[in-house]
Amino acid sequence: MDVVNLVGIVAALFIVISLSEPLAEWSQLPYTVVLAIIGTLIGTGAAYLAQYGQSVTELAPAVEIFEFSIRANVFMYVLLPTLLFQVALGLNLRRMAEDWVPILVMAVVAVVLATFAIGLALQPFTALSLVACLMLGAIVATTDPSAVVSIFRNIAAPQRLARIVEGESLLNDAAAIALFGFFLSFVMLGVPNPTLQDALVGFPTLIFGGAATGWFFGRICLGVLSWLGRFPLAQISLSVALPYVTYLVADQGLGVSGVIAVVMAGMTLNYLGPGRLAPTNWTNLREVWDVLAHWAGALIFLLAALLVPRLLGDVRLYDLLLIGVVVVAATVARLFMLYLVLPLLTALRLSPRVDRPYRVAIMWGGLRGAVTLALALAVSENFRVPADVKRDVGILATGFTLFTLLVQGTTLRWVISLLGLDKLAPIDRALSNQVIAVALQNVREEVAETAKNHDLTRDIVRSEAKRFAERLDSAMQKAEIADDIPDRDRITLGLVALAGRERDMILEAFHEQLISARLAEQMLADADRLIERTRTGGREEYRAAGRMSLAQGREYRFANLLHNRMRLSGLLESLTADRFEILLNLRLILRDLHGYIDTKIRRIHGRRVADLLHELVKRRETETQVALEGLRLQYPGYAEEIERRYLRRTSLRLEEREYDVLFADGIIGMELHTTLKQELAFKRRSVEERPPLDLAVQKTELVRQFPLFAEMDDAGRQQLASTLRTRYVQPGEILMRKGDTPREVCFIASGAVEFETAGQKFRLGRGEMFGQLSLLSRQMRRTQATAISHTTLLVLDEIRFRRLLKRNDKLRAAVIESARRRGLDVAALQL
């Protein structure tokens, strides 16, 4: 085939892709199903022309165009890495981390279960070996949930449910391809069968080796992307190369899973990229990848569908029975996961509760597609696979795929409608009537003002006003009928709207470059959690989710552990700086939400609900301010640096906006506008650099604020700071137990500690110390100390404390006074 025909074919495929979306909307069919149908029709036409074209001379050019070879390598090495990488790049990893158990179980366990269910069910009905049947099971075990996920988004299904289904699809592709490769080695002739030891060692190596390879190349790419910060097009070009290099090195060079390597590389870039790339560059990169993945996904379905006539070329009547066996076995395996495993995960609080209609939709929406056909094609092209295995795998995999696409795919929307998932809930329907009434009132006022300003014909204005008044009266009557929405439901709806507005404000701050992409994603993940939990649990879940966004998570606790035990402070410095910036931005956003309540929510839900929402937002403001003040005490001066950086970012954004307005009004020309924007970009690069948080410098400042060390000179305080060890503790952490041997003294830099001695409790706060009496008296501790808030301690060991005690009279006096308050004999202390 010459280049002209190849270019023509590529152009024709893209024309088909462009027309498939409107066709899918018109036919109410999933987009992938439309692509598969068109591809199958084109493939059938190609097969017909290939057979009869030589006798019909006028069709000879068309025959030449259609006689092109589509091999499995096109899918595995060209299209699949692009699709997998974009999905991994677009995942909300912070939210998916909360649901890693159900995602992993629904992906890996479901694939393994479907593989063995299909293989064991099929083996009695066919002459294929059990291993060949299991290979077929692995081929058809992977699902493509794009249709059901898109429908879930259109019907406002729970985001957590859609996220689990999407995460499952990404991982079950990797698991199915890995299983396929394992069973294929048993089926191929002339290749020694793996032993049990090979399986136990080789399969984990395949998985974890791929993950390590993807992480390695992802980190290297991130380093180069940071270096290319001033060249956004170069960054995009390098990101396009990343999945292909990763796949080739993993699959061909190291012999590990290329699919898992690509997924891990995408997830690495997804998690760390927003913090390394400028916000605009990161946004552009994501948009380019969205387009590439759209093309790759469409081409995969379209080209795979072209293979259908080739794979079904030798189908027989008995094969239909075998396809039915595969369909039944796959359905039973899916039902087992949805009705036994998933409820078990819900009972263990590891997965959200999935109502029966959604489970039916997930089961019926488990379509098979391009990956299944590509793996079947790989078997048919492998010269080491026996001919009977090639034939049966090709026919059964293709027939099962066609069944899911043409039967389940074409009826999916009908099933969704039958389940009632496309209908508004009664409370939403009632609310919509009130929203329409309020909106029409606003529209009437604005239309009247417009007619007055433009001096329109009075007769036309009067007739239109009459027609509009009839519509408004009808809307008001419906709103009055629906005015019996309970306050509890109104509060929930108001809080959901409030959380949605909070999410929009985070996006606005990101687009105005007031916060980085990495922190914006973290704040958006918290806002999504706020929306989801409020929908399910109302006011109490709103408050719980708000407190959860302020809590220090597992990563923060791990960073504290590294700092306290191993003196490694890099991770803690980074996370603490992030926490400072997030809390400052969250406080500003919460303050602005009060205006949204007064201007929007009050008109819909009334004054009583609005007042309650004000109170709930004020509570979150207070909790945020408390957390921020705690950080201010721990790291004095750093919050002011973050606020100064925020003001500088804001001023630059407002300055840029003014230049844009002047340019749009024609006051300044293109050359001047470009020059001014370039100067702003140079200034913004310096502002984007966040001030470093040096824990050593902060420790010196904490020592300076201690009254006990106020009389020391700067050199003495710096020397003391170098000997002190900073320890960060969480609320509820036990700092000192009864019966412990005293070895150190702690100074409370921030927070509070509660002590229990002989059934009595007392508390110490900032500027006080503990542990000195038992250490000096050389007695076993008779007190238990517990942190009651986030606390920063400055810890000094016994030798250094005794040295400090000898040269600091004020400290010595404080020790004696504390002994007298406790009723201890000062002479017994070894001062």
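Start with the cysteines: in this predicted model, the disulfide count comes to 0. The cut-off behind that count is a pair of cysteine sulfur atoms within 2.5 Å. Two cysteines are worth a click while you're here. Select C133, which is buried, with a relative accessible area of 0%. Then jump to C746, also a buried residue, with a relative accessible area of 5%.

Next, bring up the sheet. Select β2, β7, β4 and β5, and you'll have an open sheet of 4 strands, in that order, with antiparallel pairing. Now look at the edges: β2 (734-736) and β5 (760-764) each have a single partner strand, so one side of each is left without a neighbour in the sheet. Rotate the view and check the twist: neighbouring strands in this sheet are turned by 30° against each other on average, direction ignored.

Zoom in on the β2 edge. Here β2 pairs with β7 (residues 784-787) in the antiparallel sense, over 2 bridges. To see one of the partnerships, select I734 together with T786, its bridge partner in β7.

Now head across to the β5 edge. Select residues 753-757 for β4, and you'll find this strand paired with β5 in the antiparallel sense over 5 bridges. Show E756 and K761 together: E756 stands opposite that lysine in β5.

If you're colouring side chains, a general point helps: in a regular strand they alternate between the two faces of the sheet.

Last stop, the turn. The hairpin of β4 and β5 has 2 residues between the strands. Which residue there takes a positive phi? Select A758: its phi is near 55°.

Conventions: Residues are numbered from 1 along each chain as its sequence is written. This is a predicted model: local features need pLDDT of at least 70, side-chain atom pairs count only at pLDDT 80 or more; totals for chains, interfaces and linings use all residues. Side-chain values use heavy atoms; hydrogens and water are left out. Buried means under 20% relative accessible area, exposed over 50%, partly exposed in between (1.4 Å probe, protein chains only). Two strands pair if DSSP finds at least two bridges between them. Axes are lines fitted to C-alpha atoms, for helices over the stretch in contact, and angles run from 0 to 180 degrees between N-to-C directions.
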